[in-house]
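Student: Hey, can you walk me through this one? I'd like to start with a helix and then move on to how the chains meet.

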There are 2 protein chains.
Amino acid sequence: MGLKPKWIWYYGDYEIYHSNLLNSRREAYGDDYPAFISYPGIHMNVGFVRECELAEATAFRVKANGKYQVRIDNEPQRAVNGVYSMPAGKHELIVYVCKIHGLPAVFVYGDKIVSDETWKVSDRTWECVSVGCVPGYTSPDDNVEVFPFCYERVDYVCETAYPNGTLYDFGKELFGFLYVNGIGKDFDVYYGESVEEALDTENAILMERNISEKRVKLRQRAFRYVYIRSEVPAGDVYAEYEYLPLNDVGSFICDDENVEKIFEMSAYTLHLNSREFYLDGIKRDRWVWGGDAYQSFMINPYLYFDREIIKRTILSLLGTPPYRQHVNTINDYSFYLIISVYDYWFLTDDSDFIRKIYSKVKALFEFCAGRLDKNGFVCERPGDWIFIDWADSLDKEGPHCAEQILLWQATRCMKKIAEICGENYKSSVDENKLKEMIYTYFYDKQAGGFIDGFQSGQRVVNRHQNILALLYDFTNEEESNLILEKILLNDEITQITTPYFKFFELMALCKNNRVEIAQRSISSYWGGMLRLGATSVWEEYNPAMSGKAHYAMYNEPYGKSLCHAWGSGPICFLGKYVAGVRPTSAGYRTWEICPNPGIYKSFCATVPLPEGKVRVEYTQGKINVLSDCGGGVLCWKGEQYPVQKNVPFSVSE
Amino acid sequence: MGLKPKWIWYYGDYEIYHSNLLNSRREAYGDDYPAFISYPGIHMNVGFVRECELAEATAFRVKANGKYQVRIDNEPQRAVNGVYSMPAGKHELIVYVCKIHGLPAVFVYGDKIVSDETWKVSDRTWECVSVGCVPGYTSPDDNVEVFPFCYERVDYVCETAYPNGTLYDFGKELFGFLYVNGIGKDFDVYYGESVEEALDTENAILMERNISEKRVKLRQRAFRYVYIRSEVPAGDVYAEYEYLPLNDVGSFICDDENVEKIFEMSAYTLHLNSREFYLDGIKRDRWVWGGDAYQSFMINPYLYFDREIIKRTILSLLGTPPYRQHVNTINDYSFYLIISVYDYWFLTDDSDFIRKIYSKVKALFEFCAGRLDKNGFVCERPGDWIFIDWADSLDKEGPHCAEQILLWQATRCMKKIAEICGENYKSSVDENKLKEMIYTYFYDKQAGGFIDGFQSGQRVVNRHQNILALLYDFTNEEESNLILEKILLNDEITQITTPYFKFFELMALCKNNRVEIAQRSISSYWGGMLRLGATSVWEEYNPAMSGKAHYAMYNEPYGKSLCHAWGSGPICFLGKYVAGVRPTSAGYRTWEICPNPGIYKSFCATVPLPEGKVRVEYTQGKINVLSDCGGGVLCWKGEQYPVQKNVPFSVSE
């Protein structure tokens with residue numbers, strides 16, 4: 001019958017388990033530094049259930065991660081030489097698995113009976129839910145507690161002797177194990193994303209001291225440079241790169257060769273941060289953050305279109321109700337997560353996933369909705385962190401407008417999520433009422449947009465809430481144009497300094513037909529990092545700074561991450577607004593190509609599609625399109641041209 | 001200053017962690033058989049907090065179970081040679097501890113700073129609660145994941161050769177490790193509470209097959225007999241008894257020497273089941289059950305008066321809200337647990353413990369109250385088990401009267417628990433209304449008591465609900481006398497066959513001045529087991545059975561536990577109603593001695609008190625009392641005599 005057995009577990013537990021492992025693995029200055037949130041638990045004692053109906057008796061084997069018991073029609077079974085028997089007819093097979101220290105899971109394999117997504121699971125209450133399973137665990141010898149990364153040896157490209165040790169340069173940032181052989185006497189290892197960091201034996205974020213083994217494999221860490229402080233030189237130093245094998249489909253080249261470099265630097269940055277889940281930064285924070293992940297989800301379909309990492313990341317961030325704190329403790333990140341769930345659906349049309357997480361998403365939304373103030377505004381409750389962005393200019397006294405717009409968008413998404421699941425959900429938040437209130441309290445006609453907050457009386461105008469208003473179509477056309485003119489394109493309004501909100505700003509500009517401005521912004525902002533020698537995108541970049549000051553953040557000389565996923569936005573911008581490839585209905589059943597060369601004289605982009613890719617080329621005033629999927633429409637100069645599968649199509653200006 | 005450092009953890013997590021370990025350790029027929037309930041999680045990532053105010057700087061060390069980070073005033077600290085420094089003045093010390101596979105805990109020790117019950121702990125939300133700590137973990141080398149049992153070598157008293165192996169008799173039931181040395185070739189070990197069980201290599205509940213080690217220490221199990229099936233005889237076989245060092249204070253002897261034996265058998269049974277928590281039975285179920293524990297709590301103060309095991313057991317059974325299933329899935333057991341919490345307070349006056357668990361108890365009560373039917377009666381919801389007792393005669397169609405009386409008592413206890421905590425709690429259950437409804441639906445004047453249920457129309461009368469009505473003073477005097485006469489003392493009403501409800505029956509009889517009948521019941525029922533050679537009390541005893549049939553239960557030939565805690569009731573009965581020692585206010589601030597020799601011509605009882613003991617002797621019509629605590633009053637023949645500390649006092653009839 002060719003049934004494919006898979007390891008199965010209680011739905012969502014794999015992601016929570018690996019998320020807890022990941023969060024406990026963080027370190028700083030040689031000390032442990034676990035992520036500072038409450039860790040959700042998993043189900044330690046579960047029962048996997050399968051109704052079987054067989055014409056004849058069959059045999060099967062069981063491999064469990066944990067203590068287990070096999071029951072047929074509630075009768076305990078004993079294996080004979082490792083084999084269980086299932087009689088003909090209709091029977092209920094249950095495998096109970098219990099593991100206190102780990103992830104309970106099971107692998108059942110036989111000719112007619114195998115464990116797969118058709119099974120149900122209970123946590124020993126009367127309720128059964130779907131089992132979880134992910135690609136990559138298909139053999140009885142697989143260990144579900146080990147994440148299936150790939151490994152590859154990497155050698156350093158250059159070494160430099162110093163009075164007390166040696167500096168090794170691996171050419172670019174990487175993540176993996178460092179092997180140091182041949183010293184065998186107390187030595188220290190200091191890692192650096194920059195030369196300065198590796199050589200600063202007091203302040204390097206990652207370090208390991210007092211190593212005495214002759215041959216040592218150090219734990220996984222991020223670095224480009226490694227400084228080994230030792231009296232004796234090492235005999236042999238190399239790294240083992242640990243990575244997820246995600247194949248790039250997306251690419252972008254154009255007449256400005258820096259743009260290609262920006263695309264590649266962005267792609268490499270996203271790859272390093274694409275692991276069990278989307279990390280924010282690979283050196284630090286090494287944490288799954290709702291806002292950072294939201295951007296990675298947007299970039300993903302323009303680089304490698306991988307659904308699995310989005311689902312894993314959403315499950316990791318959702319954790320387990322009842323909720324007692326916001327996602328990463330940040331109000332905005334709870335909203336981004338709810339919005340991400342809807343966006344994932346629109347990207348993939350994967351209603352099955354949405355149904356499986358519906359109760360968690362609803363619980364999260366209700367947690368948010370249960371903490372509003374008397375006006376129905378998001379405010380700061382004990383334990384909350386109103387983040388929005390790293391920007392001192394934000395006026396966070398009282399409710400901040402950006403949070404309200406996110407609540408508005410999350411409310412709309414929650415409504416659509418309920419519809420997708422066929423649930424009749426009545427939200428306690430009325431989106432229309434909320435919109436009215438936002439206008440009443442935050443809209444400033446003279447300023448041409450929204451103020452940060454009303455409580456301080458300062459009427460501060462920052463870009464953030466205005467960017468979000470454009471991003472989510474909160475404003476009408478006239479208001480949007482006013483925001484563009486008086487705020488986004490107004491140099492007197494404090495500039496964004498993180499690639500995070502810079503990416504949102506790019507998207508907001510493009511949605512409002514300012515692709516050229518976005519293109520220039522990429523060349524100056526991302527190009528600026530490139531010119532400073534960056535091999536991956538930074539957590540923050542302020543062109544006004546110079547030298548080592550670029551590496552500092554959080555009051556730490558090397559606190560800034562130099563490989564931060566939220567810097568990879570150009571990939572999405574170039575694919576979505578220059579090549580112009582976008583789904584127009586859920587799961588790309590229909591999609592469009594609306595190229596906008598802007599300031600580029602020519603470009604050639606390849607953009608992934610759910611089941612293939614499309615190449616969009618612009619050269620000498622001509623658009624050439626070749627797609628290996630159907631369903632697309634090319635929009636060019638006011639005309640629409642259906643795109644045939646595998647048929648090259650060209651149209652001139 | 002002599003500060004005593006203690007290992008500390010998130011309050012309640014130690015008990016839940018060890019409860020999960022215990023529940024996962026169960027086995028049957030050589031297979032794992034974890035307890036079939038949902039296992040509550042613990043807090044994997046916590047922060048221990050202490051406000052310090054010191055005249056001068058001091059140093060301290062930290063030992064953590066898990067990854068940890070020390071912070072002073074939110075600044076990460078590095079140890080120098082293992083020592084941290086705390087400056088003079090007012091500072092906040094936090095130790096963050098994270099452990100994914102285990103119990104996060106910390107031990108801080110210095111001259112001026114030590115970890116103890118004055119610390120607070122958060123699970124990295126903004127809420128801080130009390131830390132947990134128990135006696136027995138006071139050294140940095142202690143491992144909080146290992147329960148501090150005591151160990152003692154025990155040798156078998158007799159061996160018998162069989163054609164395929166050897167039977168070893170250890171003289172009485174014990175629990176511990178078995179050591180088998182000198183075989184070194186495939187052999188099997190079968191354990192038995194009876195000879196028959198050990199020799200039945202198919203049906204012995206505990207067994208281990210195919211052992212090939214030359215020297216082997218088998219995992220902890222319960223047994224009196226061990227049958228080793230092997231071609232070669234063992235060179236050396238012995239056991240290591242694993243136990244909790246609880247010192248018996250209580251004792252009872254009288255002119256009927258069987259009563260002393262019953263007391264001793266009961267005491268030994270309770271001891272074997274007094275472990276991390278109160279177990280029901282030591283062979284099986286090896287599980288913490290709310291109803292069984294409730295009885296152990298009642299017996300405890302008459303044998304060794306140990307508060308710790310009661311607190312541990314309550315915390316284990318409470319687990320973690322939100323509740324999705326009843327305690328052990330059994331409705332009655334949720335009620336017994338709530339009643340136990342109040343009873344513990346009355347026994348100890350330990351309001352601190354009650355306050356610490358208040359939110360959990362309230363959540364459990366509300367879980368129960370949220371599942372009533374339209375009449376406000378307890379009914380069977382999905383996942384519920386209406387247990388009451390092992391008795392086929394029970395009419396469980398629709399709401400059963402016993403459950404309603406338990407709800408009534410739990411409601412009253414919940415109210416008092418809230419009062420103890422100074423909480424203004426409004427229960428959704430009105431105890432007076434409920435009482436009225438119980439009379440309306442279940443009281444049968446003609447039967448002289450309460451029927452099981454009304455739904456079947458059978459109007460079945462069992463003892464259970466009528467016993468509970470007497471036990472909790474549900475009925476008025478006239479009704480109580482009617483219940484005694486027409487139900488409890490009526491041989492036409494089906495007899496109780498478990499020592500469990502037999503114990504409740506004894507208590508109900510005694511509360512209504514029928515001590516003689518209870519004394520005769522002990523001699524016939526418990527004495528019956530004794531005459532059959534029991535060394536510990538059985539889970540069930542039906543005098544009508546004979547031979548091996550006594551060992552069978554649950555459709556298994558040796559399914560019955562021959563060492564079941566709920567059989568230890570005579571200890572409580574003899575201390576509470578024959579010696580007559582009982583608290584009359586919380587924590588024995590006042591207490592009474594109301595001896596009732598009944599059918600005994602003489603007796604000498606020692607009964608524990610919270611801080612000592614009292615000896616009550618009756619001989620030749622004279623009562624002699626000697627107590628090493630004050631506060632007591634002797635009630636004898638209608639007179640009251642204050643009992644002076646350490647002053648012998650006698651009074652004649």
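Tutor: Sure. This is a predicted model. Take α12 of chain B: its buried residues are B:P499, B:Y500, B:F501, B:K502, B:F503, B:F504, B:E505, B:L506, B:M507, B:A508, B:L509 and B:C510.

Student: Why is α12(B) described as largely enclosed?

Tutor: Because twelve of its 13 residues are buried, the rest of the structure largely encloses α12(B).

Student: OK, and which helices do those buried residues pack against?

Tutor: They pack against α4 (290–303), α6 (331–348), α10 (464–471), α11 (477–488), α13 (515–531) and α14 (569–578), which belong to chain B.

Student: How far does α12(B) reach, end to end?

Tutor: From first C-alpha to last, α12 (residues 499–511) of chain B spans 18 Å, close to the expected 18 Å. After the helix comes B:N513, with a positive phi near 60°.

Student: Switching topic: how much area do chain B and chain A bury between them?

Tutor: About 3600 Å², with 53% of it on carbon and sulfur atoms. B:K67, B:R78 and B:H101 supply 17% of what chain B buries against chain A, more than any other three residues. In contact terms, 40 residues of chain B touch 40 residues of chain A.

Student: And how many salt bridges are there between chain B and chain A?

Tutor: Two. One of them pairs B:R324 with A:D123, where the closest N and O atoms are 2.4 Å apart. On chain B's side of that interface there are 17 nonpolar, twelve polar and eleven charged residues.

Notes
Residues numbered from 1 in each chain as written. Chains lettered and ligands numbered in written order. Predicted model: local features only at pLDDT ≥ 70, side-chain atom pairs only at ≥ 80, totals over all residues. Heavy atoms only, no water. Contact = heavy atoms within 4.5 Å. Buried area = accessible area lost by both parts, 1.4 Å probe. Salt bridge = Lys/Arg side-chain N within 4 Å of Asp/Glu carboxyl O. Nonpolar A, V, L, I, M, F, W, Y, C, P; charged D, E, K, R; others polar. Helix = DSSP H or I, 4+ residues; strand = E, 2+ residues; numbered from the N terminus. Expected span 1.5 Å × (residues − 1). Buried < 20%, exposed > 50% of the residue type's maximum accessible area, 1.4 Å probe, protein only.
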